[in-house]
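User: I should like to understand how terms are applied to a ligand and its surroundings. Please explain them with the structure in view.

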Amino acid sequence: MGWITKLFGDKKNSGSVAKSRLQMVLSHDRTDITPGMMAAIKDDIISVLAQHLSIEADQVEVNLDQSGTESRLVAHIPLPSTRRR
Amino acid sequence: MKLGKVITITSGKGGVGKTTLTANLSAALASIGRKVVAIDTDIGLRNLDVVMGLENRIVYDLVDVIEGRCRLKQAMIKDKRVNSLYMIPAAQTRDKMSISPTDMVLVCDQLREEMDYILIDSPAGIERGFQNALAPSDQVLIVTNPEVSAVRDADRIIGLVDAAEKGPAQLLVNRLKPEMVARGDMLSINDIVEILAVDVLGIIPEDESILISSNRGTPLTLDNGHMPRARIAVQNVARRIEGESVPFIDLTAREGLLSKVKGWFGG
Ligand SMILES: Nc1ncnc2c1ncn2[C@@H]1O[C@H](COP(=O)(O)OP(=O)(O)OP(=O)(O)O)[C@@H](O)[C@H]1O
Ligand SMILES: [Mg+2]
């Protein structure tokens, strides 16, 4: 795989970069949720969960997801690997 | 008595081609025998007159009409190159607040009685000038270019048009470069439609003949003998406005190198 990406370059076409950046910026515009609010929401989720679980804060992701004109908040919270007791 | 249709041509981002398309679309509609008046509502930044090549014939402007210094007829400049094409210029030395949305509704209601189409060249943005251009509108065309900032601003305008119950707006995608779309370096029409969830009424390619026609003050659709792609694209928009269903010139496919390479490898 390595030599192929080296040969052809692993840069995405700027058209598809434009498309995903546009989707991202519009999901913020349309919901009126700024990237700053997203960061605050994520921090709050982490601190609430930390009262009950031990989670790894740097693994948590909270994203705005856009499909068509519908937006949703998607949180990805991996739990630490459970040991058999 | 006629009952003309008011078509507003607007955009969020400036410089995307509103004035150019208003001039060319007005001329295209007049060329197929419709009575058309184009109104420049970009008060303080008058442009439509020079793009249409009528700048030397201005006596009165839109603000003169609204403030009662002349009759509506006196501010309508008749284009001598085609039957039944008129233009009402913006005032150059006033600002957007000298006109209200109600004024625009009154002026347009008068024009509806004589004209088939009233095309309004709106200023960019979401402020008073946009509100003025939107108030009398029956059909809203939003001009955008295939780039992130212009499409983003178009999304905002689509929302405002809906909120004002003037929707659904339709899109004119201007300055598309098919070669760039083909090599994956430009947003495609499909991308834009998917993201904005709105109907496309026209796709106008980047074409230097547009600039040449603005230099001369001769709308492409009045320049007999020349048939550049952009002219055909604008004429197709005029026919769609007339209710005809005209297929798009095929500029839309994104046939990247990658898919060709895959094809060769049978992928
Ligand atoms: N399809 C095209 N191909 C090439 N050049 C174009 C095309 N459409 C517009 N232009 C050029 O883009 C420039 C801006 O166009 P125009 O003045 O119509 O934009 P506008 O949206 O009215 O701007 P403003 O927001 O300032 O009113 C002009 O120089 C024009 O000639
Ligand atoms: Mg303009």
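User: What makes the pair formed by a polar side-chain atom of B:Thr20 and an oxygen atom of ligand 1 a polar contact?

Analyst: This is a predicted model, in which local features need pLDDT of at least 70 and side-chain atom pairs count only at pLDDT 80 or more, while totals for chains, interfaces and linings use all residues. Residues are numbered from 1 along each chain as its sequence is written, chains are lettered from A and ligands numbered from 1 in the order in which they are written, and side-chain values use heavy atoms, without hydrogens and water. A polar contact is a pair of N or O atoms within 3.5 Å. The two atoms lie 2.5 Å apart, so the pair meets that definition.

User: Which polar backbone atoms lie 3.0 Å from a nitrogen atom of ligand 1?

Analyst: One belongs to B:Pro205 and another to B:Asp207. The protein covers 79% of the 640 Å² of accessible area that ligand 1 has on its own, as found by the Shrake-Rupley method with a 1.4 Å probe.

User: Why are B:Gly15 and B:Lys18 called near ligand 1?

Analyst: A residue is near if one of its heavy atoms lies within 4 Å. Ligand 1 has 17 residues around it, and B:Gly15 and B:Lys18 are among those that come nearest, so both are near by this definition.

User: How many of the residues in this shell are charged?

Analyst: Five are charged, beside six nonpolar and six polar; Asp, Glu, Lys and Arg count as charged, and Gly counts as polar.

Terms used
A polar contact is a pair of N or O atoms within 3.5 Å; within protein, one must be able to donate a hydrogen and the other to accept it, and residues adjacent in sequence count only if both atoms are side-chain atoms.
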